[in-house]
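Please read the following note beside the structure shown below. The points are numbered so that each may be checked in turn.

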Amino acid sequence: MTISKCSPLLELRNVTKRYGDFIANDAINLTVHAGDIHAILGENGAGKSTLMKTIFGVHQPDEGDILWKDVPVQITNPAQARDLGIGMVFQHFSLFETISVAENISLTIPAPLSDLVKQIRAKGEAFGLPVNPQASVHGLSVGERQRVEIIRCLLQEPELLILDEPTSVLPPPAIENLFATLRTLSVNGIAILYISHKLEEIRALCDQATILRSGAVTGTADPKKTNAKDLATLMIGQDIPQPTHPKTRMNGAPQLTLNQLNYRDPNPNIVALKDINLTVRAGEIVGIAGVSGNGQLTLARLISGEDILTRDHASSIQMQGQPVGHLPPNARRKRGLSFVPEDRLGRGAAPLMSISNNGLLTGHRLGLVKNGLIQRSKRDSFAENCITAMNVQTQGVQALASSLSGGNLQKYIVAREMAVNPLLMVVAQPTWGIDVGAATLVHQRLIGLRDNGTAILVISEDIEELFEISDRLTVMYDGRLSNPVSTCNATCEQIGQMMMGQFAASLEAAE
């Protein structure tokens, strides 16, 4: 059935979704035509992901109507949505860890694996989203998993493509390629619903925007005629404070030292680390940039203690000058380490535990447990303080971690790790999926922690973020780490070149 531009492809009429007394979506009206690139904007917890999951059949509305090509439909599951022509890339990925990329994709696209392998490679090359079809998902970084989700969705050839934070962990070249692809899809009549907190991306890509706040539509805007500051104000209802970043003295004692660190993962598809050298001192923020899949995940796991070295190589990782490479995570935390992993569900939090019990994962040594018994009032107070510190939107400390939006869960984990006043803090993708106001708050808190003497290592694929908060920058490529450069002596273009492996020329230009 062919749909004209004047006839809606998708229409929502007064769609409402409740969870008990909580209204996640309140009488939402939305119209999407073929070829539209339509942004859905809102701060964390505004109801964006809930609305998209309702369109995709993960949730069913309690009230209202969904019309697809002018026909009322009840989309009861994602398979029905895909049959209609709706595809979705989730913010939190839906991949099975223990099987390969191609096997995961075969679950929704029935075809011989040999054919799928070829299709996956072809899509990846065409859209600048390289991925190894034979790689096991458990060994992939967040960025690589996101590529898999996008490719799987594109292979389904949808008429409506829903993208929830698709560029959150993609490097600039991949973002440019993705945007070119989306524009081509739009020209060919495919509609796109696009959720992102990167407002300049919205302005560059989208034709129109619908703004949600507290589950309700509060307005619409033409992104190309509205500057990023005004869009941000529409999202959060107030002006966004700008973070201040005074220069660091960078004369503190080394809190983390990586000395000729070499490591080869048992999984042959994971990039090996080669001769990694880096020092992070008290009172500075060091940023690591790089395209996902170049060894950042392995490095973070080695520093956190999730993967350990033999005693013979323990001195390759040092804290306060002492070898820790052979120590497990808890022993390193006792020495002052806090850690925010890139995967907030599963590694950063226990999804089926309450917010208060998730606080115990880090805060238990702050008197929340005594003689093996949980001190409930102190546990709940700790959780409430974390919620307040980062303005986490939740239904209370007893709410399950899985009930929080991705951005709010991220804010809680960051607050929890900061609350122990660490000597060394390692943060991977600190503002993944966080709205612009919350990202500013996280950045300011990190800078404040640095000013109080904490050594901070930030691993991110957002170059602008790294320039905003880092004192020194280094780049990881193919398992190697470049020499650090002062942020004030480098440019985004130089760091971008280094992310593509051009270390020598870029460093020479930056120094």
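**Note on the structure**

1. Being three residues apart in helix α5, glutamate 149 and arginine 152 are separated by about one helical turn. Helices here are DSSP runs of H or I with at least four residues, strands are runs of E with at least two, and both are numbered from the N terminus. The side chains of glutamate 149 and arginine 152 meet in a salt bridge, with an N to O distance of 2.8 Å. A salt bridge is counted when a side-chain nitrogen of Lys or Arg is within 4 Å of a carboxyl oxygen of Asp or Glu. Both glutamate 149 and arginine 152 are buried; this word denotes under 20% relative accessible area, while exposed denotes over 50% and partly exposed what lies in between (1.4 Å probe, protein chains only).

2. The basis of the note should be stated early. This is a predicted model, in which local features need pLDDT of at least 70 and side-chain atom pairs count only at pLDDT 80 or more, whereas totals for chains, interfaces and linings use all residues. Residues are numbered from 1 along each chain as its sequence is written, and side-chain values use heavy atoms, with hydrogens and water left out.

3. How many salt bridges does a search of the whole structure find? The search gives 18. Side chains of opposite charge can pair when their charged atoms come close. One pair is arginine 145 with glutamate 97, at 2.6 Å from N to O. Arginine 145 belongs to helix α5 and glutamate 97 to the loop between β6 (86-89) and α3 (101-106), so this pair ties together parts that are 48 residues apart in sequence. Arginine 145 counts as buried because its relative accessibility is 13%, whereas glutamate 97, at 36%, counts as partly exposed.

4. A further salt bridge joins the side chains of arginine 450 and aspartate 471 at 2.8 Å, N to O. Arginine 450 lies in helix α14 (residues 436-451) and aspartate 471 in the loop between α15 (463-469) and β21 (472-477), so the pair ties together parts that are 21 residues apart in sequence. Arginine 450 is buried, with a relative accessible area of 2%, and aspartate 471 is buried at 8%. Elsewhere, Arg301, Glu306, Asp307 and Arg347 are linked in a network of salt bridges.

5. The largest nonpolar core has 46 residues, and those with the most contacts inside it are Leu41, Val101, Ile105, Ile120, Leu161, Leu182 and Tyr194. Such a core is a set of buried Ala, Val, Leu, Ile, Met, Phe, Trp, Tyr and Cys residues joined through side-chain atoms within 4.5 Å. Helix α5 (residues 142-155) provides the largest share of the largest core, six residues. Apart from the largest core lies another, of 45 residues, among them Leu360, Phe382, Val458 and Val485.

6. Helix α9 (residues 296-304) is mostly covered, with eight of its nine residues buried. Gln296, Leu297, Thr298, Leu299, Ala300, Leu302, Ile303 and Ser304 are the buried ones. Just after α9, glycine 305 takes a positive phi of about 95 degrees.

7. Rolling a probe the size of a water molecule over the atoms shows where empty space is left. On a 1 Å grid over the protein atoms alone, a cavity is a set of points where a 1.4 Å probe fits but cannot get out; a pocket is an open set with protein on both sides within 12 Å along at least five of seven lines, and lining residues have an atom within 4 Å of a point. Grid points are joined across faces, edges and corners, and a volume is the space filled by probe spheres set on the points.

8. There are two cavities of 30 Å³ or more. The largest cavity has a volume of about 40 Å³, and α9 gives the most to its lining, with three residues. Also in that lining are Phe339, Pro341, Glu342, Arg347, Ala428 and Ile459. The second largest cavity holds about 30 Å³; its lining includes Ser141, Gln296, Leu297 and Glu461.

9. The second largest pocket contains about 930 Å³ of space. Of the 39 residues that line this pocket, Gly45, Thr50, Ser403, Leu404 and Ser405 lie nearest its centre. β2 (22-33), α1 (48-55) and α13 (406-418) each supply at least two residues of the lining.
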